[in-house]
Amino acid sequence: MEKKNCSELTVRMFGKFQTENEKGILNKENMRSEMLTRLLAYMISHREKDMTAQELIDVLWPEDQSDNPSGALKNLMYRLRKLMNNTWGESGKYIVTGRGAYQLNPEFVFHVDIEEFEECCRQVFNSEDPAVQQENGKRAVELYQGMFLSELSSEYWVVSIATYYHSIYLTMVKRLAALLEKEKKFTDVEEICGKAIQIEPLDEEIHCFLLRAMIADNKQQLAASHYKETVKLLYDSLGVRPSGEMENIYEELQKIQHDHESNIDIIQEDLREEKASGAFFCEYGVFRKIYALESRSSRRLGISVHLALVSLYLDFQIQKEGQDYTDLIGEGMSVLEETLMKRLRSSDIVCRYSVNQFLVMLPACQYEDAKMVVNRLKDSFYKSGKTNKLLLQYSIDELDVD
């Protein structure tokens, strides 16, 4: 049956919470009370049912934080009713009470972003029409302005719902990006994936979609820069190297950048380094290729090449004190990278291997010499004065030439 004489309210739950109609807005800023925000958000999320007083008490004071929770709930409910009436007028009862339970008045119509988002996703997954899929997919990713109720992310009932919608959003971004990529709508792919990375910067598959779109749109320089930033982010945040797919995209990018006819003078100019001082720093994928080349040279010419793995760890006492691992290791790795670049030869090659490790290749270097080099690096690292909470350890081995 069609509802009549009812007020309509628009609710945003992705990102910052907000409820509004033509008369006014309620959000965390103008409600000026986290308890009122928590109460209204929970009631809107569960508006299809009666909520008992005990249920609301458990949500608002989960660890018996109130001496008189029943009285506190009644007071909070009174304040919420008054706030809603002052903001939206007294055209009707916003909250219905009965038999120890509360419910938002079902006569009011709520347009909630998460519900429209779900409907758009259903249309994408259930339709076989690419136009319908794209239209609804674009609307879905537009609606997702951040994690569900991000301002209340510590609430136990919010966590699972937020995870659920975030997972759907990432699936939707990839589904839509694949559709748009197939139709060569690369600008749209860049826009959608660029926004998604702002929300979820560690999803490597989305970075791959973005890189392919940049390359297809002749933005090779931008793609190369984005690749390097992403590799660093993955190392710093997760301690992992880029996937094979991302490395393949980067290799393809390098081929495209050089896939035009030129002459040797221009090529020499392009290849020439601006400054040839300090060690050569590269990504792991490049390091692997240099490793293969050095291994061949070592086998053919009989030149000894050694590989050093340099690792940082927290001092045992610092671990016992429970200090933050990520920040200390991150700061230490920055100091170690600077030390490696300054103290090694220009013919030495360095790459980041994991969150707390660097690989160093030492061409034309015997084992004892390699050990001496790394010990000097160790001394220099400790003398920086910024590493008293860290331990540097290393292992050295000769390149495998079999």
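Two strands are taken to pair if DSSP finds at least two bridges between them. In this predicted model, strand β2 (residues 18–21) meets that definition with β3, the two pairing in the antiparallel sense over four bridges. Within this pairing, E20 has I25 of β3 as its bridge partner.

Both strands belong to an open sheet of four strands, ordered β3-β2-β1-β7, with mixed pairing. Its edges are β3 (24–27) and β7 (109–112), each of which pairs on one side only. Direction ignored, neighbouring strands of the sheet are turned by 20° against each other on average.

Helices α4 and α5 each lie across strands of the sheet, as tabulated below.

| Helix | Strands crossed | Angle |
|---|---|---|
| α4 (residues 69–88) | β1 (8–12), β2 and β3 | about 150° to β3 |
| α5 (residues 113–126) | β1 and β7 | about 60° to β7 |

Helix α5 also packs against helix α7 (residues 156–182), at an angle of about 40° and with the axes 11 Å apart. Angles under 35 degrees would count as roughly parallel and those from 65 to 115 as roughly perpendicular; α5 and α7 are therefore oblique to each other. Their crossing is left-handed.

On the α5 side, the contact is made by I114, F117, E118, C121, V124 and F125. These residues meet Y164, Y165, I168, Y169, T171, M172 and R175 in α7. By class, the residues of this contact comprise ten nonpolar, one polar and two charged.

Conventions: Residues numbered from 1 in each chain as written. Predicted model: local features only at pLDDT ≥ 70, side-chain atom pairs only at ≥ 80, totals over all residues. Heavy atoms only, no water. Axes fitted to C-alpha atoms, helices over the stretch in contact; angles between N-to-C directions. Parallel < 35°, antiparallel > 145°, perpendicular 65-115°, else oblique. Left-handed = near helix turned anticlockwise from the far one by under 90°. Contact = heavy atoms within 4.5 Å. Nonpolar A, V, L, I, M, F, W, Y, C, P; charged D, E, K, R; others polar.
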